[in-house]
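Reader: I would like to learn how to read a protein model with care, beginning with its surface. Could you take me through it one feature at a time?

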Amino acid sequence: MKDFINGLSRRFSFSSIAIALLVSWSAVSAQDEQGAEGASKGVILIAAKEGEAKFSRGGKALPAEETEANDALGEGVLIETGADGKVTLLFSNGTVSTVGPSTKLTLKEFSQEKFDAAGRSMGELEEEPSLSNVKLSLDFGNLIIGTKKLNKESSFEVESVVGTAGIRGTQFQVAQPQGGGFSLDVAESTVAFTPKGAANPVAVNNGNGLDVAAAGGALAPRPINPAVAQAITQTNAGAFALTANVSLNVVTAKMDEAGSGEGSDSEEGGEEGGEEGSDDSGGDEGGGDDSGDSGGDGGGDSSVAAP
């Protein structure tokens with residue numbers, strides 16, 4: 001009888017362990033599935049472009065027919081504008097950005113959680129529709145940005161040779177002329193600027209700016225030039241108006257394409273997969289430069305059409 005009871009006890013013990021392992025495995029699987037559903041790649045739509053504008057990834061030019069208005073760009077894309085060039089970008093988190101003339105900007109990182117479009121348009125958003133993390137790298141040139149209100153757990157950073165500007169929800173401009181000094185101007189809210197090599201950021205509030213002569217140089221705080229403030233506000237107002245009717249259904253579809261590797265965020269040596277169903281027309285291919293770029297707009301204007 002004693003042996004029978006011991007055997008029965010062992011069987012119950014093994015069964016309990018098996019059940020516990022099964023429950024644990026199911027919980028982990030559910031968490032992994034939930035995490036996979038939430039994770040996604042963000043996308044940046046070309047809302048408008050004019051003059052000379054070239055797009056590349058990994059040193060290879062993106063085809064002109066894949067870099068027209070309504071086309072989506074992903075992580076790792078380099079944008080270069082000529083002296084007459086300008087590109088207006090719409091991020092899937094609602095941010096707008098205007099890449100000014102003679103600018104070199106890399107879309108370094110962009111992730112965003114999936115969200116329910118619910119038939120809304122960009123113009124209806126007061127804040128970003130889901131958590132996002134954006135990192136841009138400005139080699140030189142001029143960049144004006146306007147964001148929706150960002151979640152506290154989101155991040156939006158613009159790197160430069162002299163430091164990093166961190167954003168929560170604001171309108172501002174960063175300028176880094178090639179071979180010149182860096183300037184930051186804030187027309188709304190606050191930007192946290194962290195100088196290269198520094199541990200703590202410096203808050204630059206609404207109506208203020210700062211200049212940095214070179215990497216490691218002293219910060220020179222100052223009031224914003226009223227003309228610069230007006231230019232920032234007007235540029236962002238135009239970009240928000242241009243993109244107000246863009247459907248979030250279209251945006252989430254492009255995010256799905258980017259996440260599946262079928263869309264513009266392909267990692268295959270810079271060869272971009274075209275956006276299916278886009279209403280693009282091929283642009284003129286520009287000459288290459290030291291990064292092997294071409295495929296820019298030869299001078300014509302194009303702008304986003306509300307899907």
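Reader: How much area does the protein expose, and what share of it do carbon and sulfur atoms supply?

Author: This is a predicted model, and in it the protein exposes about 14,400 Å², of which carbon and sulfur atoms supply 51%. Turning from the surface to the interior, buried residues account for 44% of the 307 residues.

Reader: Which secondary structure elements are there, and how far apart in sequence are the residues that contacts join?

Author: The protein has three helices and 17 strands. If one takes the contacts between residues at least 6 apart in sequence, 61% of them join residues at least 24 apart.

Reader: What is the mean pLDDT, and where is the pLDDT below 50?

Author: As pLDDT is the predictor's confidence in each residue, from 0 to 100, the mean of 81 can be read together with the 72% of residues that reach 70 or more. Over residues 17-37 the pLDDT is below 50, and this stretch has one contact in the model beyond near neighbours in sequence. Residues 262-299 also have a pLDDT below 50, but there the model shows 103 contacts beyond near neighbours in sequence.

Reader: Turning to a single residue, why does Thr-67 count as buried or exposed?

Author: Buried means under 20% relative accessible area. Thr-67 counts as buried because its relative accessibility is 0%. Thr-67 sits in the loop between strand 2 (60-61) and strand 3 (72-73), and a polar atom of its side chain lies 3.5 Å from the backbone oxygen of Pro-63.

Key. Residues numbered from 1 in each chain as written. Predicted model: local features only at pLDDT ≥ 70, side-chain atom pairs only at ≥ 80, totals over all residues. Heavy atoms only, no water. Contact = heavy atoms within 4.5 Å. Helix = DSSP H or I, 4+ residues; strand = E, 2+ residues; numbered from the N terminus. Buried < 20%, exposed > 50% of the residue type's maximum accessible area, 1.4 Å probe, protein only. Polar contact = N/O pair within 3.5 Å; in protein donor to acceptor, adjacent residues only side chain to side chain. Areas by Shrake-Rupley, 256 points an atom, 1.4 Å probe, with all protein chains shown as cover.
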